[in-house]
Amino acid sequence: MNIQTLLNKEVSPKEFGRVAVLMGGPYAEREVSLMSGNAVLKALKEAEVDVYAIDVDDTLCEKLVTNRPDRIFVAMHGTFGEDGTLQGLLETLKIPYTGSGVLASALALHKEKSKFLWQSLGLPTLDFILADETITFATAKAKLGLPLAVKPTSEGSSVGVTCVNTEQEFILAMKKAGRNHGQIMIEPWIVGEELTMSIVADTALPVIRIVAPVGFYDYEAKYFSDDTQYHIPSGLSQAKEHEAQELALKAYKSLGCRHWARVDGIQDKSGKVWLLEVNTIPGLTGHSLVPQAAAAIGINFKTLILTILKQTL
């Protein structure tokens, strides 16, 4: 079902039943998750949906069993929320929920898994090294060149990502990326245009070109900086915009994603677009990209949230 069909589909608020918005949690993206969750909560209340919030903790399963909702809007980012763990719990409890399922969530959050899949399908994604304690700066430099991007494989929102040009920077970046994040991935650091492609109901929304004040769209630039520039229209040619949208849809579908997601990429100086990652539960804050892309085609925030939720019916 494409986005236009969903927009045209009339649904009474009562048809959703009682909706729980899952947010928060104890992990690295808690702050942003609370921002997203509260924005979703407000939108659903404005739409007169029977909705309540759950700040996720160790008692989540008990809460869902004793006060069972009819469906769930997942606003959890990163570990637990996006890695398939929460989705597995909800599948076991047989509660409908927004966003991708267990396998697609796990593949998308673990960047090396999605990259292996894209490589096998011939989709353009950067070469990379999975790092262990034996990796050296010299080895990474010889294989990938400089600068290097050192990042955790299973965090979102650019958590733990560092640009590296020297051995000392490499040592510090490895410690930063490995701190409570598990596996580390090293890629070439591409200087180019950062692009993001939002997808809702198997429909690619307008491409957004991002210009961050520090030259890198990091956690601060994503959620808190007022200096980050979002270009919609992207400024790409019509052909290049369409190419980026089609590439995003291929990446999204290859992982088995559903309902909505955001695909991040970068266009290098030669004009080639590279896939970086898929975010199965992107941010829904005032700075977030999916709402901006939806607004560019006339879909306001409340309508966007209802469109995502309709897919659970």
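Select Phe-80 to begin: with a relative accessible area of 18%, below the 20% limit, this residue counts as buried. The model on display is a predicted one. Phe-80 belongs to the loop that runs between S3 and helix H4 (85-93). Its phi is near 75°, a positive value in a residue that is not glycine. As background, most residues other than glycine have a negative phi, and most peptide bonds are trans.

**The three-stranded sheet**

From Phe-80, move back to S3 and display the sheet to which this strand belongs. Three strands make up an open sheet, ordered S2-S1-S3, with parallel pairing. The edge positions are taken by strand S2 (50-56) and strand S3 (71-74); each has a single partner strand, so one side of each lacks a neighbour in the sheet. From one strand to the next, the twist averages 30°.

Next, select strand S1 (residues 18-24) together with S3: the two pair in the parallel sense over four bridges. Within this pair, Ala-20 stands opposite Ile-72 of S3. Now add helix H2 (residues 30-46), which packs on the sheet and touches S1, S2 and S3. The direction of H2 makes about 160° with that of S1.

**Along helix H2**

Keep H2 selected and check its length. At 1.5 Å a residue, its 17 residues should span 24 Å, and the end C-alpha atoms are indeed 24 Å apart, which agrees. Colour the buried residues of H2: Val-32, Ser-33, Ser-36, Gly-37, Val-40, Leu-41, Ala-43 and Leu-44. The spacing of such positions can be read against a general rule: an α-helix has 3.6 residues a turn, so residues three or four places apart point the same way. Just after H2, stop at Glu-48, where phi is positive at about 65°.

**Helix H10**

Now select helix H10 (238-254). What span should its 17 residues have at 1.5 Å a residue? The expected value is 24 Å, and the end C-alpha atoms of H10 are 24 Å apart, in agreement. The buried residues here are Lys-240, Glu-241, Ala-244, Gln-245, Leu-247, Ala-248, Leu-249, Ala-251 and Tyr-252. Show their surroundings: the buried residues of H10 pack against helix H6 (111-121), strand S8 (193-200), strand S9 (203-204), S12 and strand S13 (273-279). Just after H10, Gly-256 has a positive phi of about 85°.

**His-259 and Ala-201**

Continue along the chain to His-259, in the loop between H10 and strand S12 (260-267). Is His-259 buried or exposed? At a relative accessible area of 9%, His-259 is buried. Its side chain reaches the backbone nitrogen of Gly-99 at 2.9 Å. Beyond its neighbours within four places in sequence, His-259 is in contact with Tyr-97, Thr-98, Gly-99, Ile-199, Val-200, Ala-201, Tyr-252, Gln-311 and Thr-312. Tyr-252 in this set is also one of the buried residues of H10.

From the contacts of His-259, select Ala-201. This residue lies in the loop between S8 and S9 and is buried, at 1% relative accessibility. Its phi is near 55°, again positive in a residue other than glycine.

**Gly-192**

Step back to the other end of S8 and select Gly-192, in the loop between strand S7 (184-188) and S8. With a relative accessibility of 39%, Gly-192 counts as partly exposed. Apart from residues up to four places away in sequence, Gly-192 touches Ile-266 and Gln-267. Draw a distance to Lys-272 as well: the two C-alpha atoms are separated by 9.7 Å, although the residues are 80 apart along the chain.

**Two cis peptide bonds**

Select Leu-146 and Pro-147, which are joined by a cis peptide bond with omega of about -5°. Pro-147 is placed in the loop between helix H7 (137-144) and strand S5 (148-152). Then go to Ile-232 and Pro-233, where the peptide bond is also cis, with omega near 5°. Pro-233 sits in the loop between strand S11 (229-231) and H10.

**Cysteines**

End with Cys-61 and Cys-163. Cys-61 is partly exposed at 37% relative accessibility, and Cys-163 is partly exposed at 30%. How many disulfides does the structure hold? The number is zero.

Definitions and conventions: Residues numbered from 1 in each chain as written. Predicted model: local features only at pLDDT ≥ 70, side-chain atom pairs only at ≥ 80, totals over all residues. Heavy atoms only, no water. Buried < 20%, exposed > 50% of the residue type's maximum accessible area, 1.4 Å probe, protein only. Polar contact = N/O pair within 3.5 Å; in protein donor to acceptor, adjacent residues only side chain to side chain. Contact = heavy atoms within 4.5 Å. Pairing = 2+ DSSP bridges. Axes fitted to C-alpha atoms, helices over the stretch in contact; angles between N-to-C directions. Disulfide = S-S within 2.5 Å. Expected span 1.5 Å × (residues − 1).
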